[in-house]
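The following exercises concern a predicted model. Each task is followed by a worked solution, to be read with the structure in view.

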Amino acid sequence: AYRNKRLNTISKATKSQLSIASVNRELALLRRILNIAFQQSWIVRNPFMGGNLISLADEKKRQRILTKIEELKLLENCNGKRAHLKPIIICAIDTGMRKGEILSLTWADVDFFTNSLNIKAYNTKTATARSAPITPRLRNELEILLEEAKKNDSDQQELLQKRVFGVIDNVKRSFDSARKAAGLDDVRFHDLRHTAATRLIRAGLPTSEAGKILGHTQPQTTYRYINTDVDTLH
């Protein structure tokens, strides 16, 4: 009854009915709460047991990747107060890293000798450490940031602990502003990760290797991220 009521609820933000995905997230949270309650013997039965209240198969799968032109428009609008966003977006598209992983990077994680970024286990979603490649244009952005960082901090040890992109909290506001200025209202930050996955496969990289770069533990997770566009089909 709760699920059906929520599916018929109008979202204040979008002025349309809540999506199945949104309701599923609510149900998943409720299921977790009740699972804990059952484990602690606070309740004698979890209503989610034996039922199929959450159906991921019914969710509308999002398929949105950036074209080269759209990427250029987005980067062109990373100027002024949004200038700090440019290297972050380049990092997301070129490495496929998650937003939290990118913002958590310190200079100690950057290896210019091997051209790789070392992502610590406690900063990843799967609690597994991995490395991501540094592309030529990302290296250029990192070198510029490093020079700026050295001007403000001459102590080598302290510098290594500083965050690469200088952002501690989030980039939601600046990213929303940049994508709207670029005319890309439907693009989310996470779509940059989808874009990276699709480009890796398009370049001929085996799905298993692409999954390692993206930090996936299951092959089916990588398949979900690969969105076929016209260029890939050709």
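**Exercise 1. Establish how the strands of the sheet are arranged, beginning from individual bridge partners.**

Step 1. Take V110 as the starting point: its bridge partner in β2 is L117. The strands concerned, β1 and β2 (residues 116-119), run antiparallel and are joined by two bridges.

Step 2. Examine the connection between these strands. The hairpin of β1 and β2 has four residues between the strands, and N115 adopts a positive phi near 55°.

Step 3. Move to the next pairing. N118 has S131 of β3 as its bridge partner, and β2 and β3 are paired in the antiparallel sense over four bridges.

Step 4. Assemble the sheet. The order is β1-β2-β3, in an open sheet of three strands with antiparallel pairing. Because β1 (110-111) and β3 (130-133) each have a single partner strand, they stand at the edges, and one side of each has no neighbour in the sheet.

**Exercise 2. Describe the packing of α4 against α6.**

Step 1. Recall the descriptors required. Two packed helices are characterised by the angle between their axes and by the distance between those axes.

Step 2. Apply them. The axes of α4 (residues 85-95) and α6 (residues 136-152) come within 9 Å and cross at roughly 145°. This crossing of α4 and α6 is left-handed.

Step 3. Identify the residues in contact, taking heavy atoms within 4.5 Å as the criterion. From α4 these are K86, P87, I90, C91, I93, D94 and T95, while α6 supplies R137, L138, E141 and L145.

Step 4. Classify the residues of this contact. Six are nonpolar, one is polar and four are charged.

**Exercise 3. Characterise the second largest pocket: which elements contribute to its lining, and which residues lie nearest its centre?**

Step 1. Begin with volume: the second largest pocket holds about 290 Å³ of space.

Step 2. Locate the centre. Of the 17 lining residues, L145, A149, R163, V164 and G166 lie nearest to it.

Step 3. Assign the lining to elements. Both α4 and α6 give two or more residues to the lining, and α6 provides the largest share, five residues.

Step 4. Sort the lining by class. It contains eight nonpolar, three polar and six charged residues.

Step 5. Relate this to Exercise 2. L145 belongs to the contact of α4 with α6 and also lies among the residues nearest the centre of the second largest pocket.

Technical notes: Residues are numbered from 1 along each chain as its sequence is written. This is a predicted model: local features need pLDDT of at least 70, side-chain atom pairs count only at pLDDT 80 or more; totals for chains, interfaces and linings use all residues. Side-chain values use heavy atoms; hydrogens and water are left out. Axes are lines fitted to C-alpha atoms, for helices over the stretch in contact, and angles run from 0 to 180 degrees between N-to-C directions. A crossing is left-handed if the near helix is turned anticlockwise from the far one by less than a right angle, and right-handed if clockwise. Ala, Val, Leu, Ile, Met, Phe, Trp, Tyr, Cys and Pro count as nonpolar, Asp, Glu, Lys and Arg as charged, and the others, Gly among them, as polar. Two strands pair if DSSP finds at least two bridges between them. On a 1 Å grid over the protein atoms alone, a cavity is a set of points where a 1.4 Å probe fits but cannot get out, and a pocket is an open set with protein on both sides within 12 Å along at least five of seven lines; lining residues have an atom within 4 Å of a point. Grid points are joined across faces, edges and corners, and a volume is the space filled by probe spheres set on the points.
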